[in-house]
Amino acid sequence: MRVRRRTVWFMTLLSLVAVISVYYLVDPAKQFNGLTIFTDDTLQQTAITGVTDQEATSKQDATQEVLSPSHLFEEMRMQVNDERSQLREQLTQKIASEEYTAEEKNEAFNEIDGLIKQESAEAMLEMLIKSLGYNDAFVRAEGEKVSVTVMAEELSKSQANEIIYLVKTEWEGANDVQVKFSANNY
């Protein structure tokens, strides 16, 4: 078990290094110096590169909101993340404990794996729904039931059917799909 964990961590770190390397090789305009992260001279180096106060204030004036335009959707996401992180922590403690059998630990590991797959599938569906032209979307799956909330002033039957079709084609176990809409409340 211990060797397997080390192998997984090693492969994760190796893939992370590979992705970062490819990112900086493909975009040579960005020069990455990993040592700048660990030095106190980063502020001085930034001043040397030519950022003036006037440029900094113009950049501050041009900032755009990166977060979701709906605070309600963000709150729902945070609530779901909190619930799942608590569950994941309990399952991790179960795996690390000596009180449980190997079968129980294996079930806990499979539950964690299922949570990770569910979270990634929900995030993918949210991106796909946003690509249909909606400002924001929130997807929550519980077993075979999938609840989708989109940010729109109105939602026609054809738009709802399009979302239902998208969810059912992307998520194999989605038998009950509900689509709701929420008005743009900033």
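**View 1. Glutamate 142 and lysine 145 at the β1–β2 hairpin of the predicted model.** Glutamate 142 stands opposite lysine 145, the latter belonging to β2. The two strands, β1 (residues 137-142) and β2 (residues 145-151), run antiparallel and are joined by 6 bridges. Between the strands of this hairpin there are 2 residues, and glycine 143 adopts a positive phi near 70 degrees.

**View 2. The second largest pocket and its lining.** The volume of this pocket is about 170 Å³. Its lining consists of Arg77, Val80, Asn81, Arg84, Glu119, Glu122, Ala123, Glu126, Phe138, Val139 and Arg140. Two or more lining residues come from each of α4 (71-96), α5 (102-131) and β1. Strand β1 is also the partner of β2 in the antiparallel pairing of View 1.

**View 3. Lysine 94 over the ring of tyrosine 100.** Lysine 94 is placed over the face of tyrosine 100, at 5.3 Å from the ring centre. As for pairs between aromatic rings, with centres required to lie within 6.5 Å, the count is 0.

**View 4. Residues 46-68, a stretch with pLDDT below 50.** For the protein, the mean pLDDT is 76, with 73% of residues at 70 or more. Over residues 46-68 the pLDDT falls below 50, and the stretch has 7 contacts in the model beyond near neighbours in sequence. Predicted coordinates should not be read in detail where pLDDT is low.

Conventions: Residues numbered from 1 in each chain as written. Predicted model: local features only at pLDDT ≥ 70, side-chain atom pairs only at ≥ 80, totals over all residues. Heavy atoms only, no water. Pairing = 2+ DSSP bridges. Helix = DSSP H or I, 4+ residues; strand = E, 2+ residues; numbered from the N terminus. Phe/Tyr/Trp six-rings, centres within 6.5 Å; stacked < 30°, edge-to-face > 60°. Lys NZ or Arg CZ within 6 Å of the ring centre and 35° of its normal. pLDDT = per-residue confidence, 0-100. Contact = heavy atoms within 4.5 Å. 1 Å grid on protein atoms, 1.4 Å probe; cavity = no way out; pocket = protein on both sides within 12 Å on 5 of 7 lines; lining within 4 Å. Points joined across faces, edges and corners; volume = space filled by probe spheres on them.
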